[in-house]
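Take a look at the sequence and the structure below. The walk-through that follows starts from one residue pair and works outward.

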Amino acid sequence: MRKVFQLAGQAFAYTLFALAVGYFATRPAYTYHDPDTALIKLSFSHAGQRKGECRQLTPEELAALAPNMRKPLDCPRERLPLVVELLLDGEILFKGELPPSGLAGDGTSTAYEKFPVEPGRHRLTARLRDSARTDGFDYEGETDVTLEPLQVFVVDFKATKGGFIFL
Amino acid sequence: MSGLRRIARAGFETVDDWFSAAFGPAWNPMYNLGALGWFFYWITIVSGVYLFIFFDTGITQAYESLEYITNVQWYAAGVMRSLHRYASDALIIVMMLHLVREYVMDRLRGARWFSWVTGVPLLWLVFACGISGYWLVWDKLAQYIAIASTEWLDALGIFGEPIARNFLNPEALSGRFFTLMVFIHIAVPLIMLLVMWIHIQRQTNARSNPPKGLAVGTLGMLLVLSFVEPAVSQAPADLGKVPAVVNLDWFYLPAYPLLDRFSGGTLWAVFGGATLLLFLLPWLPPGRPEAAAIVNLNNCNGCGRCAADCPYTAITMEPRSDGASFSQEAVVKDELCVSCGICTGSCPTATPFRRTTELIPGIDLPGLVIRELREKTLAAAEGLSGDARVVVFGCGYGPGLKTLEESGVATLELPCIGMLPPSFLDFVISKKYADGVLLAGCAEGDCHFRLGIEWTEQRLAGARDPYLRKRVPRERIRECWAGVSGSRRLRKELAAFRADLKDLGPLDRSRPLSGTHKVSAEVESNA
């Protein structure tokens with residue numbers, strides 16, 4: 001009789017364990033994003049202009065350098081932060097200053113931002129300043145888009161391709 | 001032990017008792033958590049190797065190959081996929097239970113720090129394996145994991161460009177990143193195996209295989225689960241759409257929803273801090289530094305029993321250094337000794353009958369030397385009177401002995417019951433200091449010092465040196481392995497034992513010593 005109870009106890013323990021493993025391996029479902037909204041991602045990597053002007057080295061200065069180090073321009077490493085704005089139907093979604101990466105502040109500035117938005121037709125405007133100017137922007141892009149629920153709409157930037165890219 | 005930990009320990013022991021009732025102490029899953037971890041690891045490896053035969057590592061073909069595995073070859077590869085998933089989930093359960101249990105039972109201090117500390121990186125490695133594995137399916141869940149993981153890694157600020165940009169849209173997707181995940185999913189389990197091997201290096205007779213019956217039952221359970229609830233993929237990944245609702249594996253991915261509530265940096269700080277705390281736990285108060293065992297070469301004949309019985313490989317046998325005629329001597333590595341005293345219990349010179357010279361065994365525990373144990377035994381027995389007198393030897397990790405004290409009962413606490421040389425039982429009974437001896441300690445199968453109970457039982461059964469002499473009437477010895485929460489059971493056992501002893505009567509009437517023993521006993525008493 002004791003053996004029967006033992007076997008029943010083992011069966012119960014195995015069943016309980018299997019139920020726990022089987023259930024929590026996929027359940028409960030997790031809602032990561034409201035299924036009724038779309039998502040705009042603003043993401044790019046771009047280096048701001050140098051903080052200071054490059055200086056032409058004098059012939060004496062160049063002669064003092066090792067032959068393999070004789071670059072005619074002496075440019076400061078540090079770069080300017082980027083100023084970025086993203087507007088949705090004229091309303092600001094994002095406005096910020098993106099500092100350059102790197103310990104010396106000489107790397108690219110990067111953006112990776114996500115904005116859940118209502119689906120439907122929208123006008124998106126993106127602006128970026130990478131120079132030392134104090135007002136206005138060096139790049140501006142605009143597009144009209146009709147967003148579906150759950151759609152991912154990407155706003156990228158590539159200076160070599162003329163500025164903002166809407167994907 | 002803190003009040004909270006004592007409560008947690010009592011909770012664990014209650015659950016242990018349930019499992020012991022169903023499985024028996026030897027098969028008790030709670031006593032085999034580490035071994036079960038190994039078992040689940042091997043199931044995951046074997047099933048993973050089989051899956052790799054049919055898995056296509058191309059980012060666009062991965063999903064299709066898994067659909068083939070799940071739907072076309074469901075009877076073999078599909079079952080293997082389910083086993084792969086469920087065994088890895090089960091690994092998380094036993095690993096976390098193992099971690100909490102060892103902490104609650106305070107099995108991380110002193111020389112045990114090594115197993116504890118080498119276990120901590122395994123946590124990260126197991127999660128890295130699981131997360132990279134889900135990534136390879138390249139379904140909605142994989143997409144969610146890929147994006148959330150890379151965003152989380154970007155929070156470290158160590159990448160020049162956000163690596164989450166690799167999953168910005170379908171055009172950004174690179175097969176190279178996917179190949180990296182395949183590599184991680186193969187390389188990390190191999191690293192894990194190495195760390196798991198290191199993890200058990202400082203243990204004698206480390207259990208890396210569960211008992212056969214438990215292994216068969218566990219594998220059967222996983223197989224049934226694999227057929228009843230096969231592991232399947234979710235909808236294929238589409239970087240142009242947000243994976244809004246995902247069926248998370250809550251064993252591997254419970255941290256991910258937290259990323260929606262806390263910043264990645266905060267979570268790195270929390271998990272990094274928790275890992276650091278885990279690393280430091282063995283040295284945090286309240287510590288109980290105990291002196292390591294010491295070898296007395298004058299009485300060590302190099303028999304090697306202590307080295308064979310030490311649960312933590314703290315004793316080695318080395319060439320004799322004192323010029324004595326024996327070939328070897330025991331050497332204790334202080335840093336590995338947990339001060340359990342099991343070596344003293346195994347030493348044939350640790351006999352309380354010795355009267356001609358001072359009682360100093362070949363190996364002794366400074367915290368409770370054998371001479372002191374003998375004196376304490378004599379002092380305790382001296383106060384006993386009436387019928388059915390009992391001396392209770394208990395370990396410091398079993399039920400409290402104080403509550404047992406009553407007329408006719410004396411108690412003595414040792415670090416581990418394995419420290420008690422069998423000759424002490426002979427000494428107490430044959431010299432009639434008591435009518436019986438009760439041994440109490442940790443729950444059966446769950447000795448705090450791993451092997452104390454096992455060695456004691458083998459010594460008493462005459463299966464392990466030093467044996468309990470045959471002349472000692474076994475009916476005058478009772479064992480009660482009840483654990484820290486088993487006080488009531490111990491009291492009940494003691495009452496029953498005393499009732500039995502009353503029926504037996506004094507030793508002379510129940511089983512007189514043989515002539516030879518009588519003579520030697522008289523010689524001893526005269527001496």
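**From a hairpin to the interface**

A:Val155 has A:Phe166 of β11(A) as its bridge partner. This is a predicted model, so the pairing is one read from predicted coordinates. The pair belongs to a two-strand unit in chain A. Strand β10, residues 152-158, and strand β11, residues 163-166, run antiparallel and are joined by 4 bridges. Together β10(A) and β11(A) make a hairpin, with 4 residues between the strands. One of the turn residues, A:Gly162, has a positive phi of about 95°.

Now step back to the whole of chain A. It holds 2 helices and 11 strands. Their order along the sequence is α-β-β-β-α-β-β-β-β-β-β-β-β. The pattern opens with a helix, and three strands stand between that helix and the next one. Eight strands then follow to the end of the pattern.

What radius of gyration does chain A have, against that of a compact globule of 167 residues? Chain A has 28 Å, whereas the globule would be near 15 Å. The box filled by the C-alpha atoms of chain A adds to the picture: along the principal axes it is roughly 105 × 50 × 25 Å. Burial can be read for the chain as well. Of the 167 residues of chain A, 23% count as buried. Contacts still reach across the sequence. Among contacts in chain A with a separation of 6 or more, 60% link residues 24 or more positions apart.

Next comes the partner chain. On the chain A side, 33 residues are in contact with 36 residues of chain B. Which elements of chain B give two or more residues to this side? They are α1, α4 (74-104), α6 (140-154), α8 (212-228) and β1 (245-246). By residue type, the chain B side divides into 23 nonpolar, 5 polar and 8 charged.

Two helices meet between the chains. Helix α1 of chain A covers residues 2-24, and helix α1 of chain B covers residues 3-23. Their axes come within 7 Å and cross at roughly 125°. At that angle α1(A) counts as oblique to α1(B). From α1(A), the contact uses A:Gln6, A:Gly9, A:Gln10 and A:Ala13. From α1(B), it uses B:Phe19, B:Ala21, B:Ala22 and B:Phe23. The residues of this helix contact are 5 nonpolar and 3 polar, with no charged residue.

Strands also pair across the two chains. Strand β1 of chain A, residues 30-31, pairs with β1(B) in the antiparallel sense, over 2 bridges. Within β1(B), B:Val246 stands opposite A:Tyr30.

Two residues of chain B round off the tour. B:Val331 sits in strand β4, residues 328-332. Is B:Val331 buried or partly exposed? It is partly exposed, because 15 other C-beta atoms lie within 10 Å. Beyond its neighbours within four places in sequence, B:Val331 is in contact with B:Val295, B:Ile315, B:Thr316 and B:Glu318. B:Asp249 is 82 residues from B:Val331 along the chain, and their C-alpha atoms are separated by 50 Å.

B:Lys502 offers another case. This residue is in helix α15, residues 487-504, of chain B. B:Lys502 counts as exposed, because it has 12 C-beta neighbours inside 10 Å. Leaving out residues up to four places away in sequence, B:Lys502 touches B:Asp387 and B:Ala388. B:Ala388 is 114 residues from B:Lys502 in sequence, yet the two are 5.3 Å apart in space, C-alpha to C-alpha.

Notes: Residues numbered from 1 in each chain as written. Chains lettered and ligands numbered in written order. Predicted model: local features only at pLDDT ≥ 70, side-chain atom pairs only at ≥ 80, totals over all residues. Rg over C-alpha atoms; globule rule 2.2 N^0.38 Å. Buried ≥ 20, exposed ≤ 12 C-beta atoms within 10 Å, placed from the backbone. Contact = placed C-beta atoms within 7 Å. Axes fitted to C-alpha atoms, helices over the stretch in contact; angles between N-to-C directions. Parallel < 35°, antiparallel > 145°, perpendicular 65-115°, else oblique. Nonpolar A, V, L, I, M, F, W, Y, C, P; charged D, E, K, R; others polar. Pairing = 2+ DSSP bridges.
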